[in-house]
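Here is a quick tour of a structure, going piece by piece through strands, helices and nucleic acid. Have the viewer open while you read.

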Number of protein chains: 2
Amino acid sequence: MVMMDCCTPVFAGVLDVDEATHTAGLLSALADPVRLRIVSMLAAAQGGTACGCELEAPLGLAQPTVSHHLRILREAGLVVGERRGRWVHYSLVLERLDEIRDALRLRLPEPV
Amino acid sequence: MVMMDCCTPVFAGVLDVDEATHTAGLLSALADPVRLRIVSMLAAAQGGTACGCELEAPLGLAQPTVSHHLRILREAGLVVGERRGRWVHYSLVLERLDEIRDALRLRLPEPV
DNA sequence: TCGATGTATTGATAATGATCGATACATCGA
DNA sequence: TCGATGTATCGATCATTATCAATACATCGA
């Protein structure tokens, strides 16, 4: 059996660098155990909202660390923070989570 | 208006550390522009399969770098590699992608 | 067996990121 | 206005990671 060539490269519909970078940015914001737990805490909280001060103890992390993670989630558009008095109440942006799930729904080519 | 307390912390059903670490590991494997493009290339390739040598040129990366990314995808269970002669043909593990998408489907609490 | 080709590993380097103490900023109650 | 409390930023440190040259390993064709 002669094997001169590998296989025929057909890369139609492949993510370009910009699309891939954008999606990777969203995924990176979620690809951390602490931030996943924050997201699940916000999803489980009454009204889908919690203030940062509530997160430190269950996460077992210092306040600047929690603030750091909330900032990353905020800059990725996964959460929004609304100040109410001394506290900032964070809530999920479900549309952004849906966007991530949609980005992972690959369009496979038709079987030949 | 008196504001002595923040809000009532109710964190039932929150991801524990092990679950969060596992999901974060899967997400980290995808949270890279190069690896997202590799995944989309495999999804678009004939038969859902491509060999590593095909990826270097369109990605514009050196061979060890592509091999590095394929290894990360492989160790995360997102792709499998099958050697055929000199070449290793990689294909997607769609079940693993579904697992990620399912992990991002949050179970929101019932409205009160 | 030998040279060619595809793949994996090693080692080094530069960049990114997680963490926290210290500190500054914002808002409330008194 | 002042002290208390929640939040954000700064600076430093340590760990992780993306990249590639060099090299080793695997397989094919001759």
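## A hairpin in chain A

Let's start with a turn. In chain A, E2 and E3 make a hairpin that leaves 2 residues between the strands, and Gly85(A), sitting in that turn, has a positive phi of about 70°. Keep in mind that this is a predicted model.

The strands on either side of the turn are E2(A), residues 79-84, and E3(A), and they pair in the antiparallel sense over 6 bridges. To find your place in the ladder, look for Arg83(A), which stands opposite Val88(A) in E3(A).

## The sheet in chain B

Over in chain B there are 3 strands in an open sheet, ordered E1-E3-E2, with antiparallel pairing. Strand E1 (49-51) and strand E2 (79-84) of chain B are the edge strands; each has a single partner strand, so one side of each has no neighbour in the sheet. On average, neighbouring strands here are turned by 30° against each other, ignoring direction. As general background, strands in a sheet pair through backbone hydrogen bonds, in either a parallel or an antiparallel way.

Now for the register. E1(B) pairs with E3(B), residues 87-92, in the antiparallel sense over 3 bridges. Across that pair, Ala50(B) stands opposite Tyr90(B), and Thr49(B) stands opposite Ser91(B). On the other flank, E2(B) and E3(B) pair in the antiparallel sense over 6 bridges. There, Val80(B) has Ser91(B) as its bridge partner, while Val79(B) stands opposite Leu92(B). So what does Ser91(B) face in E1(B)? That would be Thr49(B). The E2(B)-E3(B) hairpin has 2 residues between its strands, and Gly85(B) takes a positive phi near 70° there.

## Helices on the sheet

Two helices of chain B go with these strands. Helix H3 (residues 52-59) of chain B packs on the sheet and touches E1 and E3 of chain B, its direction making about 80° with that of E1(B). Helix H4 (residues 63-75) of chain B lies across E2 and E3 of chain B and runs at about 120° to E2(B).

How do H3(B) and H4(B) meet? Their axes come within 9 Å and cross at roughly 115°, which makes H3(B) roughly perpendicular to H4(B). The crossing is right-handed. From H3(B), the contact uses Gly52(B), Leu55(B), Glu56(B) and Leu59(B), and from H4(B) it uses Gln63(B), Val66(B), Ser67(B) and Leu70(B). By class, those residues divide into 4 nonpolar, 3 polar and 1 charged.

## H1 against H5

Another helix pair in chain B is worth a look. The axes of helix H1 (residues 17-30) and helix H5 (residues 94-103) of chain B come within 10 Å and cross at roughly 120°. Angles of 65 to 115 degrees would count as roughly perpendicular, but H1(B) and H5(B) are oblique to each other. Their crossing is left-handed.

Which residues make the contact? On the H1(B) side they are Thr23(B), Leu26(B), Leu27(B) and Leu30(B), and on the H5(B) side Glu99(B), Ile100(B) and Ala103(B). The residues of this contact divide into 5 nonpolar, 1 polar and 1 charged.

## Around the DNA

Finally, the nucleic acid. Around DNA strand D there are 28 residues, and the ones that come nearest are Cys53(A), Pro64(A), Pro64(B), Thr65(B) and Gly85(B). The elements giving two or more residues to this surface are helix H3 (52-59), helix H4 (63-75) and strand E3 (87-92) of chain A, plus H4 of chain B. Sorted by class, the surface near DNA strand D has 14 nonpolar, 9 polar and 5 charged residues. Gly85(B), listed among the nearest residues here, is the glycine with the positive phi in the E2(B)-E3(B) hairpin.

DNA strand C also has 28 residues around it, with Pro64(A), Thr65(A), Gly52(B), Cys53(B) and Pro64(B) coming nearest. At least two residues each come from H4 of chain A and from H3, H4 and E3 of chain B. The class count near DNA strand C is 14 nonpolar, 9 polar and 5 charged. Gly52(B), one of the residues nearest DNA strand C, is also part of the H3(B) contact with H4(B).

Notes:
Residues are numbered from 1 along each chain as its sequence is written. Chains are lettered from A and ligands numbered from 1 in the order in which they are written. This is a predicted model: local features need pLDDT of at least 70, side-chain atom pairs count only at pLDDT 80 or more; totals for chains, interfaces and linings use all residues. Two strands pair if DSSP finds at least two bridges between them. Helices (H or I, at least four residues) and strands (E, at least two) are DSSP runs, numbered from the N terminus. Axes are lines fitted to C-alpha atoms, for helices over the stretch in contact, and angles run from 0 to 180 degrees between N-to-C directions. Two residues are in contact if their C-beta atoms, placed from the backbone, lie within 7 Å. A residue is near a molecule or strand if its C-beta atom, placed from the backbone, lies within 6 Å of it. Ala, Val, Leu, Ile, Met, Phe, Trp, Tyr, Cys and Pro count as nonpolar, Asp, Glu, Lys and Arg as charged, and the others, Gly among them, as polar. Angles under 35 degrees count as roughly parallel, over 145 as roughly antiparallel, 65 to 115 as roughly perpendicular and the rest as oblique. A crossing is left-handed if the near helix is turned anticlockwise from the far one by less than a right angle, and right-handed if clockwise.
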